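Visitor: Could you take me through the charged pairs in this one, up close? I'd like to know who pairs with whom, and how hidden the partners are.

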Amino acid sequence: MGWHGETLVGFDLETTGTEPLEARIVTAAVVEVRGGDTVLCREWLADPGVRIPAQASAIHGISSERARAEGRPVREVAEELAELLTGYWKRGIPVVAYNAAFDLTLLTAELRRHGLPSLSERLGGAPIGPVLDPYTIDRAVDRYRRGKRNLEAVCGEYGVALHGAHQAAADALAAVLVARAIAERHASVAALTPGELHERQVEWYARWAADFQSFLRRKGTPDAVIDPVWPLREPAAVAG
């Protein structure tokens, strides 16, 4: 059948903000899916160590008070997430994350912030992967489709039910199901190995970033810069 019929691992974070080098983990989920069926789901609630802005709480439903009372130290959560994800990569199992560049960059920043080994260091210095990002794949294979590309919209496009948007476990599972649905619709995607698809996404993301940067500059933002790096940025320093 191809990679989409094999084991896939969904990963999602809900956070304090939208800048991955500054935001902190609030909730996280890792969902293991085999043949479309969930066989494992792990969830975390973290105390991010900073106040959760009201606008973030309004999205994922976690207040600062609840995170402080019920959440585990974010250092422990980041450590467990990193160990779990790299354990899957060591076994050659793809990790699926919608807009992976955000979640993986944020996790990388948290690891550095707390003095923990990076994802690559846990892999003996090897690059991470394979990573499958339905956001990047869909944008490349159906480039001219109009409308939004957020997870809810793309779930609608591919007929995937999303129950509980912005809940980490629901979003992680939906990302996997969307990845499977894209492969079922686009034979060219299904025909690639996860490693080949990872490399294609590096190229696709860089091309999109260049095009979007040019668009913004033409539209009156001459200094606009869109980072072309996927699936994560390795920061030299992060906000403390």
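Guide: Let's fix the vocabulary before anything else: buried means under 20% relative accessible area, exposed means over 50%, and partly exposed is in between. Keep in mind, too, that this is a predicted model.

There are 18 salt bridges in the structure. Start with the one where the side chains of Glu-80 and Arg-42 meet, at 3.4 Å from N to O. Glu-80 belongs to helix H3 and Arg-42 to strand S3, so this pair ties together parts 38 residues apart in sequence. How hidden are they? Glu-80 has 26% relative accessibility, so it counts as partly exposed. Arg-42 comes out at 34%, which is partly exposed as well.

Now over to Asp-138, where the picture changes. Asp-138 forms a salt bridge with Arg-145, and their closest N and O atoms are 2.7 Å apart. Asp-138 has 0% relative accessibility, so it counts as buried. Arg-145, at 17%, is under the 20% cut-off, so it is buried too.

Asp-138 also meets Arg-149 in a salt bridge, again side chain to side chain, at 2.7 Å from N to O. That pair links distant parts of the chain: Asp-138 sits in helix H6 (residues 134–141), while Arg-149 is in the loop between H6 and helix H7 (151–158), eleven residues apart. With 13% relative accessibility, Arg-149 counts as buried.

Zoom out a little and these pairs belong to a network of salt bridges, which links Asp-138, Asp-142, Arg-145, Arg-149, Glu-157 and Arg-185. As for the general idea, side chains of opposite charge can pair when their charged atoms come close.

Back to helix H3 for a moment, as it has a nonpolar side to its story. The largest nonpolar core has 36 residues, and Phe-11, Ile-25, Leu-81 and Leu-104 have the most contacts inside it. Strands S1, S2 and S3 and helices H3 and H4 each supply at least two residues of this core. H3 gives the most, with nine residues. So the two elements holding Glu-80 and Arg-42, H3 and S3, are both among the contributors to that core.

For one residue in the core, try Ile-25: leaving aside residues up to four places away in sequence, its contacts include Leu-13, Ala-46, Val-77, Leu-81 and Leu-107. Apart from this core lies another, of 27 residues, including Trp-3, Val-31, Tyr-98 and Tyr-158.

Methods
Residues numbered from 1 in each chain as written. Predicted model: local features only at pLDDT ≥ 70, side-chain atom pairs only at ≥ 80, totals over all residues. Heavy atoms only, no water. Core = buried A, V, L, I, M, F, W, Y, C linked by side-chain atoms within 4.5 Å. Buried < 20%, exposed > 50% of the residue type's maximum accessible area, 1.4 Å probe, protein only. Helix = DSSP H or I, 4+ residues; strand = E, 2+ residues; numbered from the N terminus. Contact = heavy atoms within 4.5 Å. Salt bridge = Lys/Arg side-chain N within 4 Å of Asp/Glu carboxyl O.
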